[in-house]
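Please look through the sequence and the structure below. The paragraphs after them lead from a single residue out to the chains around it.

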Amino acid sequence: MSAPRTLFDKIWDSHLVDRQDDGTCLIYIDRHLVHEVTSPQAFEGLRMTGRTVRRPEATLAVPDHNVPTSGRAQGIEDEESRIQVEQLSKNCDEFGVPLFGMDDVRQGVVHIIGPEQGFTLPGMTIVCGDSHTATHGAFGSLAFGIGTSEVEHVLATQTLIQKPAKNMRITVEGKLPVGVTAKDMVLAIIGKIGTAGGTGYVIEYAGEAIRDLSMEGRMTVCNMSIEGGARAGLIAPDEKTFEYIMGRPMAPKGGAWEQALAYWKTLPSDEGATYDKELVLKAADIEPQVTWGTSPEDVIPVSAAIPGPDAAPDDNKRSAIARSLDYMGLTAGTPISEVAIDTVFIGSCTNGRIEDLREVAAVAKGRKVAENVRAMIVPGSGLVKNQAEEEGLDQIFIEAGFDWREPGCSMCLAMNADKLAPGERCASTSNRNFEGRQGRGGRTHLVSPGMAAAAAVTGHLTDVRELS
Amino acid sequence: MDKFDKLTGTAAPLPLVNIDTDMIIPKQFLKTIKRTGLREGLFYELRTDEDGNAKDFVLDQPAYKDAQILVAGDNFGCGSSREHAPWALLDAGIRCIIAPSFADIFYNNCFKNGILPIALPQEQVDLLMDDAGRGANAVVSVDLEAQEIKGPDGGTISFEIDAFRKHCLMNGLDDIGLTMAKGEKIDSFEERRKLSQPWA
């Protein structure tokens with residue numbers, strides 16, 4: 001009998017192409033997602049060395065970071081953005097890489113379209129030049145972000161030089177309270193482990209509250225693993241996973257489906273497998289969360305007051321808190337629910353899926369966006385947009401005064417025209433509240449989709465449970 | 001990639017924790033399709049005010065304008081995977097970063113660009129931060145082969161580094177070339193998988 005293995009160990013072992021005496025490994029990469037920002041220099045590298053893409057069919061490209069989310073028929077106004085998107089098309093054409101262009105209904109945020117198409121499958125290794133590649137771990141695939149040099153490496157060789165990560169398991173026991181979502185759960189986890197707590201680890205999320213999540217919710221949790229420092233998050237595949245994948249365009253069919261399914265069922269961690277680090281949380285203790293500072297670890301329950309520098313354990317932390325409060329224009333001791341907002345952004349690879357939009361619609365229905373608040377909803381893909389429109393969600397949004405837009409990364413990182421002005425305060429369903437992330441001087445509060453909708457209609461950070 | 005063996009130069013202090021890659025290079029500089037010329041965007045929002053005027057950022061001060069080493073706080077390089085961050089640092093002449101810890105993706109990206117990231121215990125970083133605060137008079141030497149840092153007062157600090165990464169950095173090796181030499185192993189892996197997991 002071999003020793004019990006974790007889900008991570010199993011995926012790692014099955015992708016090992018070579019292991020050097022010093023422990024450095026060459027691992028095989030099954031799927032490679034490509035977008036316009038982190039790939040041009042990689043394709044240029046191939047061109048300069050006369051190399052080709054080893055497996056174009058295992059590669060899928062999409063423009064998402066730079067694309068406009070309105071007036072798309074007019075093309076991209078910003079010249080640099082336009083060149084970058086055009087360059088992606090040229091590169092895909094030259095190297096034979098499949099591309100969902102800006103006018104393709106399947107276009108969207110790279111981490112939304114992978115699962116949507118069945119490109120993302122359990123047990124696979126998946127990479128992308130983007131730190132939120134961790135999203136795909138929701139399917140029990142080892143998925144992580146890489147730099148452009150590694151993008152080039154994968155394009156050329158379909159492998160990566162790596163050392164195995166350590167195993168961490170985070171178990172969330174019991175049931176989440178009503179009105180508390182996957183986003184609140186992952187923010188609470190990051191608050192607990194800190195933004196570097198997962199460095200060097202792959203986090204496996206387990207427990208009843210994780211199993212109870214939909215695939216959309218699981219993607220939200222895995223997506224933000226990187227905000228806790230872990231390159232990858234993992235959730236064991238189960239019947240929900242298989243049901244989500246079945247019938248998707250790139251998913252296996254017929255006999256191959258049966259064969260794949262039998263394999264996928266062997267993936268969950270073995271009984272008795274050991275982890276280098278363990279953390280257990282009780283779902284019942286988690287409230288809706290809001291970030292107050294400039295790191296995702298700066299998070300509190302919506303019922304709490306903004307902390308001050310005195311709360312910190314050391315000088316470095318104290319000065320970091322003081323700096324964050326100054327940047328955010330906040331005073332320690334203020335209840336976070338009293339903070340007024342100017343803008344609401346709903347979308348991103350964290351919360352741009354259909355379930356997120358339904359959550360927003362449930363709050364928005366029959367209500368109006370507060371005066372002086374601009375609220376935008378950016379669906380994660382063309383297919384999410386279509387589905388929301390089939391369900392009539394767009395009408396609810398428009399009637400409530402939300403701006404219903406075209407798919408893309410949008411104000412999550414503000415590379416396109418959607419950005420915050422200096423001092424503008426935003427309740428955002430995205431993943432990073434870094435200084436300047438959503439626009440220079442912009443102030444970001446990370447929240448769940450329901451919480452973002454609640455802030456939109458009340459004009460301040462609000463416990464969504466008070467509106468139901 | 002340029003080799004890295006020994007480096008002697010000024011170290012600039014940047015005593016902030018969680019310096020993220022958005023801070024190292026903001027999004028507006030990611031629209032380039034080149035690897036070079038990113039110096040202009042390095043720490044742009046720390047360096048300039050909203051009108052683009054200089055804010056006397058440490059790397060712009062006369063004492064540090066030739067700095068090749070950066071001493072920073074915990075969890076350096078967290079956030080986005082953008083390799084534009086190490087490209088911008090390199091373009092500004094930074095070849096070595098010393099901090100208590102680094103985020104994984106950034107740490108890895110450094111090695112692909114001939115930059116040496118060194119993780120040290122907080123107390124040792126604090127000492128080097130003090131040294132760096134003394135400006136151009138405080139010359140720090142980094143010897144990768146010996147895995148040692150010498151401070152301006154002659155004290156020596158040892159550091160750990162993965163043997164394979166050290167080898168690649170010291171010889172300026174191209175990862176892709178190394179892997180392509182293992183082409184037969186990749187071929188046979190793919191052959192095996194075609195049988196065991198035809199859907200993959």
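Lys27(B) counts as buried, because 24 C-beta neighbours lie inside 10 Å and 20 are enough for that label. The model is a predicted one. Lys27(B) sits in the loop between α1 and α2 (44-47) of chain B. Which residues does Lys27(B) contact, leaving aside its neighbours within four places in sequence? They are Leu413(A), Ala414(A) and Met415(A), together with Asp22(B). As for Asp130(B), 103 residues away along the chain, its C-alpha atom is separated from that of Lys27(B) by 32 Å.

The contacts of Lys27(B) with chain A lead on to the interface. Here 58 residues of chain A are in contact with 44 residues of chain B. On chain B, at least two residues of the touching side come from each of α1 (21-24), α4 (104-111), α6 (163-171), α7 (175-180) and α8 (183-196). By kind, this side of chain B holds 17 nonpolar, 16 charged and 11 polar residues.

One of these helices, α8(B), can be followed from end to end. From its first C-alpha to its last, α8(B) reaches 20 Å with 14 residues, close to the 20 Å expected at 1.5 Å a residue. Is α8(B) well covered or hardly covered? It is hardly covered, with a count of 1 buried residue among its 14.

Chain A contains 16 helices and 18 strands. Its radius of gyration is 21 Å, close to the 23 Å given by the globule rule for 468 residues, so chain A is as compact as a globular protein of that length. The C-alpha trace of chain A spans about 55 × 55 × 45 Å along its principal axes. Of the 468 residues in chain A, 59% count as buried. Where contacts in chain A link residues at least 6 apart in sequence, 77% of them join residues at least 24 apart.

Within chain A there is an open sheet of 4 strands, in the order β10-β9-β8-β11, with parallel pairing. Its edge strands, each paired on one side only, are β10 (232-234) and β11 (277-282) of chain A. On average, neighbouring strands of this sheet are turned by 20 degrees against each other, direction ignored. Strands of a sheet pair through backbone hydrogen bonds. Strand β9 (residues 201-206) of chain A pairs with β10(A) over 3 bridges in the parallel sense. Gly233(A) in β10(A) is the bridge partner of Ile203(A). Helix α6 (residues 182-193) of chain A lies across β8 (166-173) and β11 of chain A, and runs at about 130 degrees to β11(A).

Notes:
Residues are numbered from 1 along each chain as its sequence is written. Chains are lettered from A and ligands numbered from 1 in the order in which they are written. This is a predicted model: local features need pLDDT of at least 70, side-chain atom pairs count only at pLDDT 80 or more; totals for chains, interfaces and linings use all residues. Two residues are in contact if their C-beta atoms, placed from the backbone, lie within 7 Å. Ala, Val, Leu, Ile, Met, Phe, Trp, Tyr, Cys and Pro count as nonpolar, Asp, Glu, Lys and Arg as charged, and the others, Gly among them, as polar. A residue is buried if 20 or more other C-beta atoms lie within 10 Å of its own, exposed if 12 or fewer, and partly exposed in between; C-beta atoms are placed from the backbone. The radius of gyration is taken over C-alpha atoms; the globule rule is 2.2 Å times the number of residues to the power 0.38. The expected span of a helix is 1.5 Å times one less than its number of residues. Two strands pair if DSSP finds at least two bridges between them. Axes are lines fitted to C-alpha atoms, for helices over the stretch in contact, and angles run from 0 to 180 degrees between N-to-C directions.
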